[in-house]
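Me: Please take a close look at a single helix in this model, and then place that helix in its wider surroundings. I would like the cut-offs stated as the terms come up.

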Amino acid sequence: MILSEFEYRRPKTIKKALQLYQSKTEDAVYLLGGTDLIPRIKERLVKPALVIDLKGIAGLDKIEHSRSWLKIGANVTLYELRNHPLVRDAFPALHDSLEATSCETLQMRGTIGGNVLQDTRCLFYNKSDEWRKAKGFCFKMGGQVCNAVKGAKTCFANYASDNAPALITLHAEVKLVGIDGERQIPLEAIFSGKSDLPFAIKSGEIISHILIPVKNTRGGYLKIRVRDSMDYPLVGVAVSLVNGKGGVAIGAIGGKPLWFDFSENEVGWGERIAREATDIVRPVANTVLSPAYRKKMTGILVKRIARKLSEEDR
Amino acid sequence: MKRIKLNFTVNGEKISIEVKPYETLLETLRERLCLTGAKEACGLGACGSCTVILDSVPVRSCLVLSPEVEGREVTTVEGLSKDGALHPLQEAFMEKGAVQCGFCTSGMILTAKALLDRQNKPSKSQIVKTISSNVCRCTGYKKIIEAVTTAAEKMEVT
C-alpha cells in the first residue's frame, strides 16, 4: 500500500515540534512508533501535509523513577515498559495489558504515548479509501450517517487501547505540553466521550510523559480477541487494588474507557461490578464479534480477575 | 516534493541515496536497492512478511518511513549469509522443511534471528511467542518452531 504525499520533519525539541505543528495546524500529525498512524495514512483515514516525528526529541524515551512517581516518556516502547522491573512487580494490571498488546515485534515499535492516543476503531471505518467511498462516508469520516447502526445519530467507534484502562486503574496522569505551556491532568480527563473525536486535548498538544503514582498494587488485565497472537481488544478489563481501594476499567466498548470504584473490604465486589458493567456497556455491531457476546464477556472478565485476586489472598 | 538525503547502512554496506519523505523502508529496500527479500503482503503491519532488523530490533519495514533510518543499520535476509555460508537459521529452515510458499520466510527468519541475538537458548514457549508476530498461511508453524529450535541449539554449540 502506498502512502499519500507529505513532508517529513524530525525536530530535536518539543518547542520546535509545537512550532512546526502551528505552521500547518490541522494538516500536521505527530509520529512516534507509527503502528497506528502509518496504516491510517495508507488507508487515507488521515491525509497529513506534514508528519512531525517526535522520536528525535531527547528525554522522551526515558523511564524515570522517583519515590512518588514512575515517569514514563511518551516515546518509551511497550516492550521496554513491559520489561521494567517496577512495572512487572508493582503494576500487574499494566504489565498484563502491555503483554496483551498486539505482538512482540509491534510492542518493540509501538510506544506508550502512541498507544494511549490511538484513534478509535470500527469495522466500517478502518477500511480502504475505495471501500469507504463505495459505502458512503459515516460520522467519523465527516458524513451524516453511522454505517454500523442504522439510523443512529452518533458514532460508536471503539477506543481499543489495552494500556489506557490499566493506567486509569493505577490513577495515572499525563503531562501535556502545548504552545501555551504545560499542564498535568488525570489520564481519564483526556477523553471527550465522543467516538468520532475521542480526545479532548487542545490542537497540537503533545503528551510528553505518563506518570504513575508509585505504590504496590495488585491486579490484572484480560481481553477478548479473535487471534491470541496479535489483535485489538474487542472488550478489555483492567482491575487494580491500591491501598485497599479498587478500580475497574472497561475498554474497547465505545469511545472511552468506563471505570468503577470499590473497596477491597466489600464482599462480592466482583459480582456487583460485573453486573453493573454488563448493564452499562453499549456494544454495537461494529466488530467481528457480536454485541451480545461482548456485553456478556464484560462481566465474565471482571469476575475472572476478581477470582484471581481472591485466590491470591488465600 | 523535495527529496530527502539519506545515509544508512544496509547489510554492512554504507548507502547514500535520496528518498521521498513519504517512502517506506520497504519501498526503498525493494525498489531502490533491489533487496527483494522483504515482502509486502498486508502493507498495514499485521502480517510481518516485511520484517527487517533495524539496529538490533525487528521492525515491520512497511510501517517505517525511510527518513527515520538516517544513520542507522538495517539487516535484511540478504545480509545473513557470510562468505557464501548460510546462517544457521537459514540452514535449519531448509533442513526441517520450514518453507512452503516462502513468502513469510524472510520475515520469520529475521524475527527469529533478533530473538536468538538477544536471548541465548530461548524456551519453546518463547520461540512460539516471538514468531507469533509473523503470519504463515502454509506450514501451521510446527516446522518453523522446529527449525528455530534446531538453529538455537546449533548456534549455542558453535
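Reply: In helix α4 of chain B (residues 124–131), the buried residues are Ile127(B), Thr130(B) and Ile131(B), where buried means that 20 or more other C-beta atoms, placed from the backbone, lie within 10 Å of the residue's own, and where helices (H or I, at least four residues) and strands (E, at least two) are DSSP runs numbered from the N terminus. Seen down the axis of α4(B), these buried residues fall within an arc of 85 degrees, so they line one face of the helix; the arc is that of the directions from the helix axis to the C-beta atoms. An α-helix has 3.6 residues a turn, so residues three or four places apart point the same way.

This is a predicted model, in which local features need pLDDT of at least 70 and side-chain atom pairs count only at pLDDT 80 or more, while totals for chains, interfaces and linings use all residues. Residues are numbered from 1 along each chain as its sequence is written, and chains are lettered from A and ligands numbered from 1 in the order in which they are written.

The buried residues of α4(B) pack against α3 (105–118) and α5 (142–157) of chain B, and also against α6 (104–109) of chain A, contact being counted when two C-beta atoms, placed from the backbone, lie within 7 Å. Between the chains, 21 residues from chain A and 23 residues from chain B take part in the contact. On the side of chain A that touches chain B, β1 (7–9), α2 (37–42) and α6 of chain A each give two or more residues, and α6(A) has the largest share there, with five residues. That side of chain A comprises 10 nonpolar, five polar and six charged residues, with Ala, Val, Leu, Ile, Met, Phe, Trp, Tyr, Cys and Pro counted as nonpolar, Asp, Glu, Lys and Arg as charged, and the others, Gly among them, as polar.

As for the nonpolar cores, meaning sets of buried Ala, Val, Leu, Ile, Met, Phe, Trp, Tyr and Cys residues joined through C-beta atoms within 7 Å, the largest has 115 residues, and those with the most contacts inside it are Leu54(A), Leu167(A), Val237(A), Val302(A) and Val148(B). The largest share of this core, seven residues, comes from α3(B), one of the elements against which the buried residues of α4(B) pack. Apart from this core lies another, of 10 residues, including Phe124(A) and Tyr125(A).

Methods. Buried ≥ 20, exposed ≤ 12 C-beta atoms within 10 Å, placed from the backbone.
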